[in-house]
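Let's take a friendly walk through this chain, from its overall build to its core. Have the sequence and the 3D view at hand.

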Amino acid sequence: MRIRKVKSNEIIEVLKFIAETFPNSNISISENDTIYLATENKEIVGFMHTTEESDKVLLNGIGTRKEDRGKMIGTKLMNYLVNKIKNKPIFLKVKDKNFVAQKLYHKFGFIPKKFGEVYILVKQPEN
Ligand SMILES: CC(C)(COP(=O)(O)OP(=O)(O)OC[C@H]1O[C@@H](n2cnc3c(N)ncnc32)[C@H](O)[C@@H]1OP(=O)(O)O)[C@@H](O)C(=O)NCCC(=O)NCCS
């Protein structure tokens with residue numbers, strides 16, 4: 001398995017993959033966002049969508065191919081991100097019933113932080 005940035009000719013395929021992963025969400029990708037792909041034999045098996053700002057990184061979404069879940073692809077994607085972003089906090093939102101995702105984030109040191117009525121998970125930089 002390989003993790004790399006998306007290529008411009010893959011955007012349509014990636015949007016389809018994201019829409020299949022989050023069928024009820026309206027996904028928008030801004031120009032400055034970054035999409036990382038996990039690929040296996042040239043097929044997309046997972047993605048991460050981030051917005052990298054000067055003082056923080058937002059993890060907008062992460063997803064793996066349905067038939068490949070539980071095979072550590074999500075763990076490898078998260079591992080890639082936390083190793084890449086060492087000097088800024090990483091923020092993400094997760095639904096309160098999404099226990100699989102919460103378990104994954106917990107494993108990487110994300111801690112819930114309350115902003116008004118909303119809980120956001122934050123991983124603070126190590127130094
Ligand atoms: C959340 C998600 C990205 C995890 O990806 P994955 O490739 O299955 O991740 P991993 O195989 O690395 O597993 C991560 C953890 O979840 C657990 N897990 C995976 N599939 C599971 C399942 N079906 N039931 C229960 N736990 C499960 C694993 O046990 C693992 O924990 P462990 O390593 O401590 O045992 C994937 O389930 C997914 O795409 N879900 C739909 C989209 C989503 O909800 N994204 C997150 C919200 S932004």
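## Overall build and core

Of the 127 residues of the protein chain, 20% count as buried, meaning that 20 or more other C-beta atoms, placed from the backbone, lie within 10 Å of the residue's own. This is a predicted model, where local features need pLDDT of at least 70, side-chain atom pairs count only at pLDDT 80 or more, and totals for chains, interfaces and linings use all residues. Residues are numbered from 1 along each chain as its sequence is written.

The chain holds three helices and seven strands (DSSP runs, numbered from the N terminus: H or I of at least four residues for helices, E of at least two for strands). Starting at the N terminus, the order is β-α-β-β-β-α-β-α-β-β. The radius of gyration is 14 Å, close to the 14 Å that the globule rule gives for 127 residues, so the chain is as compact as a globular protein of that length. That radius is taken over C-alpha atoms, and the rule is 2.2 Å times the number of residues to the power 0.38.

Now to the interior. The largest nonpolar core (buried Ala, Val, Leu, Ile, Met, Phe, Trp, Tyr and Cys residues joined through C-beta atoms within 7 Å) has 15 residues. Each element below supplies at least two of its residues.

| Element | Residues |
|---|---|
| β2 | 33–40 |
| β3 | 43–52 |
| β4 | 57–64 |
| α2 | 73–84 |

The most, four residues, come from α2. Among the residues with the most contacts inside this core are Ala-38, Met-48 and Leu-77. Leaving aside neighbours within four places in sequence, Leu-77 is in contact (C-beta atoms within 7 Å) with Ile-3, Tyr-36, Ala-38, Gly-46, Met-48 and Ile-62.

Note on methods:
Buried ≥ 20, exposed ≤ 12 C-beta atoms within 10 Å, placed from the backbone. Contact = placed C-beta atoms within 7 Å.
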